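Thanks for coming. I will go through one structure today, starting with the ligand site and then working outwards.

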Amino acid sequence: MVEVHQHDVVIVGGGAAGLRAAIAAVEADPNASIALVSKVYPMRSHTVSAEGGAAAVARPDDTLEMHGYDTVKGSDFLGDQDVIQYFVEQAPKELTLLEHWGCPWSRNDDGSVATRAFGGMTTKRTWFAADKVGFHMLHTLFQHSMRFDGIVRFDEFFVTKLLVEDGAVRGVAALEIRTGEMKAILGRAVILATGGAGKCFPFTTNGNIKTGDGMSLAYRAGVPLKDMEFVQYHPTGLPGTGILITEATRGEGGYLRNADGERFLVERDYGLGTKAELGPRDMISRAIYQEVQAGRGIKGPYGDFVHLDLTHLGEEKINSRLPFVRELGKTYAGVDPVHEPIPIRPVVHYMMGGVDTDIEGATLLPGLYAAGEVAAVSMNGANRLGSNSLTECLVFGAKAGEKAVEFARHASAGSEGRLRAQAEEEAGRIDGLRGKKKGGERIAQVRREMTEAMEEGCGVYREQSSMHQACRDLAQLKGRAADLVLSDESKVFNTEVLTALELHNMLDVAESVALAAAARKESRGAHACSDFPTRNDQEYLHHSLVWFEPGGPRVDRKDVTLGTWEPEERKY
Ligand SMILES: Cc1cc2nc3c(=O)[nH]c(=O)nc-3n(C[C@H](O)[C@H](O)[C@H](O)COP(=O)(O)OP(=O)(O)OC[C@H]3O[C@@H](n4cnc5c(N)ncnc54)[C@H](O)[C@@H]3O)c2cc1C
């Protein structure tokens with residue numbers, strides 16, 4: 001019989017958003033019991049790999065208004081302005097709180113917190129701890145979370161299903177990876193903090209665990225996915241591996257150069273004005289793509305690339321501000337950035353879209369909340385500004401934690417027997433996958449074809465014909481994925497089963513990206529559609545929603561919350 005664990009709130013995800021939510025929940029109600037479930041040990045969450053920094057107003061020459069405007073403009077006017085307003089107000093408080101919990105922010109000579117420039121931000125407002133920001137932030141949160149007995153961890157438990165009864169979420173079914181046993185982890189509210197889904201693409205900065213699980217869990221439970229067409233390409237990834245070279249390199253003064261050694265962002269008109277290397281990611285990624293198309297790229301074994309040149313910054317600055325970049329350059333590209341430029345090309349980095357939530361992180365399903373990269377609280381709209389995401393995890397993780405614990409106080413727990421029965425049914429489904437010899441499809445093959453379809457159909461530039469082709473390919477791949485063959489029959493650490501589950505999740509996400517992209521017949525932010533090269537506010541100043549329906553997905557729209565800042569042409 002499936003073991004049942006009773007808690008007040010269940011949080012799925014041990015990254016920045018999940019840990020911040022857990023701390024906020026126990027602080028709001030010290031008697032609450034919070035289950036923190038993660039498919040990897042929390043310190044292995046993708047947050048740990050963030051390099052560049054976290055944005056919040058810190059300097060006397062900066063204002064909340066400026067941070068708000070930069071974020072709205074960065075979003076190509078698709079970010080909800082009430083959400084952005086709340087975000088910029090909370091951001092400095094959250095980063096200061098992290099400092100009090102031990103985060104070692106880098107300092108100016110006078111002892112104040114140091115900030116660096118980041119793309120699309122008018123002034124230096126990105127807080128950093130050298131170029132290992134995610135590591136320090138996650139460590140701080142993880143250590144702080146251990147102070148609370150109310151936070152009960154389920155490390156290396158893979159959530160496969162939301163348990164829903166009488167129209168409300170009541171917990172999750174989670175597979176203990178070590179034993180292969182299914183558990184019912186019950187709570188009167190559930191927060192999804194499962195991160196992004198870059199692994200739907202072949203070339204990404206994202207860790208292998210970023211497979212969109214939470215997006216698929218919510219989608220299958222009837223919650224729509226919002227703004228999925230907006231996938232962020234980061235301009236500077238290492239060819240071959242996709243390892244990220246942080247935007248902080250440009251924040252510290254790095255240049256992009258083409259095959260002729262030309263600083264093309266300065267020499268040519270890519271709409272970036274004096275921003276040049278400090279422009280937003282979507283526009284710089286497109287500029288690199290165009291340079292390569294025009295034959296000004298440099299040929300390499302993994303395709304054409306351009307150069308990121310830091311040599312003029314000097315060894316001392318690189319060692320103090322960008323030590324990790326030097327290490328990555330030497331180890332993974334065979335170049336020492338102090339003396340040579342680094343080869344780079346645009347790479348899939350971040351999902352602007354995700355589970356549709358309101359400003360408090362609540363979804364349409366009573367009791368279900370989402371925060372962090374898995375969620376689309378609508379802060380990032382069509383394009384996220386670098387360094388807003390880590391802060392977003394804190395601001396909206398905290399909000400979701402508070403609100404979930406408040407919800408749980410008044411919600412009913414549901415019937416333990418019926419919830420256990422649901423988890424048992426789920427255990428049966430997973431048992432059916434283990435060592436499933438009948439079936440003709442290999443996981444790796446379907447996965448490869450999925451990532452190829454995404455790159456072809458939903459890349460830096462998109463065409464109507466290729467997006468529609470991707471929709472057809474993905475629908476077909478979903479059918480084929482129902483027929484997977486698995487060879488590992490064991491229960492203990494059966495990673496093959498996990499890979500199959502992740503593939504199903506990614507196919508849901510990939511299909512929703514392609515469908516939402518094909519439906520948006522304009523270009524906005526990260527969605528650059530060659531057939532419709534301009535923004536069309538009259539018809540498309542709205543969010544898109546993709547709903548799971550038994551007969552096939554349905555694409556729909558939702559209003560954008562405007563405010564102080566009227567939509568205008570996005571030029572820098
Ligand atoms: C290389 C890199 C560098 C970055 N640098 C920056 C930066 O400098 N500044 C910035 O603002 N942003 C940066 N970002 C983006 C930012 O780091 C992420 O958006 C953010 O850390 C996401 O945090 P999260 O808490 O939402 O999810 P994650 O940190 O991805 O954590 C997800 C959690 O969910 C758990 N989980 C997932 N699925 C399941 C499941 N089925 N069952 C149980 N648990 C599950 C995982 O175990 C994990 O604990 C970077 C991203 C990358 C990839």
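**Ligand site, domains and cores**

Five elements each supply at least two residues of the shell around the ligand: α1 (16–28), β3 (34–38), β8 (157–165), β16 (342–351) and α11 (388–410). Please keep in mind that this is a predicted model. Which of the elements gives the most to that shell? It is α11, with four residues.

The ligand is surrounded by 38 residues, and the closest are S38, S45, H46, T47 and E373. T47 also makes a polar approach: a polar atom of its side chain lies 2.5 Å from an oxygen atom of the ligand. G14 uses its backbone instead, with a polar atom 2.8 Å from a ligand oxygen. On the nitrogen side, R384 has a side-chain N or O atom 3.4 Å from a nitrogen atom of the ligand. Taken on its own, the ligand has 1000 Å² of accessible area, and the protein covers 98% of that.

Next to R384 in the numbering is N383, in the loop between β19 (375–376) and α11. Is N383 buried or exposed? N383 is buried, because its relative accessible area is 1%, and the cut-off for buried is under 20%. Its side chain reaches the backbone oxygen of G74 at 3.2 Å, and makes a polar contact with the side chain of Q232 at 3.3 Å. Leaving aside residues up to four places away in sequence, N383 touches several others, among them P280, D282, M352 and R570.

Now the domains. The chain is divided into domain 1 (3–53 + 131–231 + 350–421), domain 2 (238–349) and domain 3 (433–559). The centres of domain 1 and domain 2, taken over C-alpha atoms, are separated by 33 Å. Across that pair, 17 residues of domain 1 are in contact with 25 residues of domain 2.

Last, the nonpolar cores. In soluble globular proteins, nonpolar side chains tend to be buried together. Here the largest nonpolar core has 78 residues, and V172, L192, M215 and L368 touch the most other members. Helix α15 (residues 495–519) gives the most to this core, with 14 residues. Domain 1 and domain 3 each contribute at least three residues to this core. Take V172 as an example: its contacts beyond four places in sequence include V10, V12, V159, L163, I185 and V190, as well as K161 and K183. A second core, separate from that one, has 46 residues, including A17, I34, W127 and A404.

Technical notes:
Residues numbered from 1 in each chain as written. Predicted model: local features only at pLDDT ≥ 70, side-chain atom pairs only at ≥ 80, totals over all residues. Heavy atoms only, no water. Core = buried A, V, L, I, M, F, W, Y, C linked by side-chain atoms within 4.5 Å. Buried < 20%, exposed > 50% of the residue type's maximum accessible area, 1.4 Å probe, protein only. Domains from an automatic or database assignment. Contact = heavy atoms within 4.5 Å. Near = heavy atom within 4 Å. Polar contact = N/O pair within 3.5 Å; in protein donor to acceptor, adjacent residues only side chain to side chain. Areas by Shrake-Rupley, 256 points an atom, 1.4 Å probe, with all protein chains shown as cover.
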